[in-house]
Amino acid sequence: MKPTKLLLLAASTGLFLFGFAQQPEALHLEQTVVYAQKSKKLPKIAKVDVTAKQAIAAFKDKYPGSSITGLNLEKKLGKYYYEIDGVDDNKEHSLTLNANTKKRVQSESENLDADEKGGKKRDQDKISTKKLISVKKAVRAAQKKVKSGKVTEVSLDNDVATTYWEVKFKQKTQETSVQLDATTGKYLGKDVDTDD
């Protein structure tokens with residue numbers, strides 16, 4: 001065999017091996033990009049250190065014997081806070097907690113009107129806080145129903161004997177609220193409000 005043919009054979013074998021060695025890496029990179037496009041990043045509001053159950057327990061420590069009537073988690077002045085509302089037979093209570101430190105920021109109580117006392121308001125407004133799914137799970141489930149937007153608020157409420165999480169997303173000109181069963185995470189519906 002002539003040296004020129006030998007040199008061409010070695011060069012073409014090297015190119016073939018080089019191309020084969022590069023191919024799996026290129027495939028791996030492509031798969032990573034596809035995976036990244038499918039996943040949605042968990043927003044900071046769902047990563048707070050204090051869980052909703054811990055916030056509710058802090059409320060019940062402060063106001064023993066009270067029933068929860070609402071819970072709200074949102075960002076104010078650069079920090080995340082829980083606002084928990086409740087009621088006993090004679091008073092309405094409100095407690096604001098730092099959602100990362102569990103520090104009490106504000107608390108207040110107010111006497112109920114005469115027609116609300118004796119458990120009437122409690123029976124009407126109390127919500128079940130047993131077997132709640134976490135804020136993180138609620139946000140993840142809501143993200144599947146909204147294409148884009150920033151999660152601005154997560155709240156716990158009750159309507160027609162159903163306790164539900166409501167997750168609010170803010171887009172450029174609209175706000176979308178997704179409602180999920182608070183114990184199962186089942187999708188209940190969504191509302192879209194557009195800025196005029």
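## Starting with a hairpin

Strand 2 and strand 3 make a hairpin, with three residues sitting between them. Keep in mind that you're looking at a predicted model. Strand 3 covers residues 91–98, and its antiparallel pairing with strand 2 runs over seven bridges. To spot the pairing yourself, find G86 and look across to H93 in strand 3, which stands opposite.

## Back one step: strands 1 and 2

Strand 2 (79–87) also has strand 1 as a partner: these two pair in the antiparallel sense over nine bridges. One pair to look for here is E74 and its bridge partner in strand 2, Y81.

Strands 1 and 2 form a hairpin too, with two residues between them. Which residue in that turn has a positive phi? That's L77, at about 50°.

## The whole sheet

Now zoom out. The strands belong to an open sheet of eight, paired antiparallel, and the order across the sheet is 4-3-2-1-5-6-7-8. At the edges you'll find strand 4 (104–111) and strand 8 (187–194), each pairing on one side only. On average, neighbouring strands in this sheet are turned by 15° against each other, ignoring direction.

## Where strand 1 meets strand 5

Look at the order again and you'll see strand 1 sitting beside strand 5. Strand 1 spans residues 67–76 and strand 5 spans residues 150–159; they pair in the antiparallel sense over four bridges. Try finding L73, whose bridge partner in strand 5 is V154.

## Strands 5, 6 and 7

Next up is the pairing of strand 5 with strand 6, antiparallel again and built on nine bridges. D157 faces Y164 in strand 6, standing opposite it. The two strands form a hairpin with two residues between them, and V160 in the turn has a positive phi of about 50°.

Strand 6 also runs antiparallel to strand 7, and seven bridges join the two. Here F169 stands opposite T176 in strand 7. This is another hairpin, with three residues between the strands.

## A helix across the sheet

What lies across strand 6? Helix 4, made of residues 135–143, does. Helix 4 also lies across strand 1, strand 2, strand 5 and strand 7 (174–181), and it runs at about 60° to strand 6.

Is strand 6 (162–170) mostly covered or mostly uncovered? Mostly covered: seven of its nine residues are buried.

How values were computed:
Residues are numbered from 1 along each chain as its sequence is written. This is a predicted model: local features need pLDDT of at least 70, side-chain atom pairs count only at pLDDT 80 or more; totals for chains, interfaces and linings use all residues. Side-chain values use heavy atoms; hydrogens and water are left out. Two strands pair if DSSP finds at least two bridges between them. Axes are lines fitted to C-alpha atoms, for helices over the stretch in contact, and angles run from 0 to 180 degrees between N-to-C directions. Contact means heavy atoms within 4.5 Å. Buried means under 20% relative accessible area, exposed over 50%, partly exposed in between (1.4 Å probe, protein chains only).
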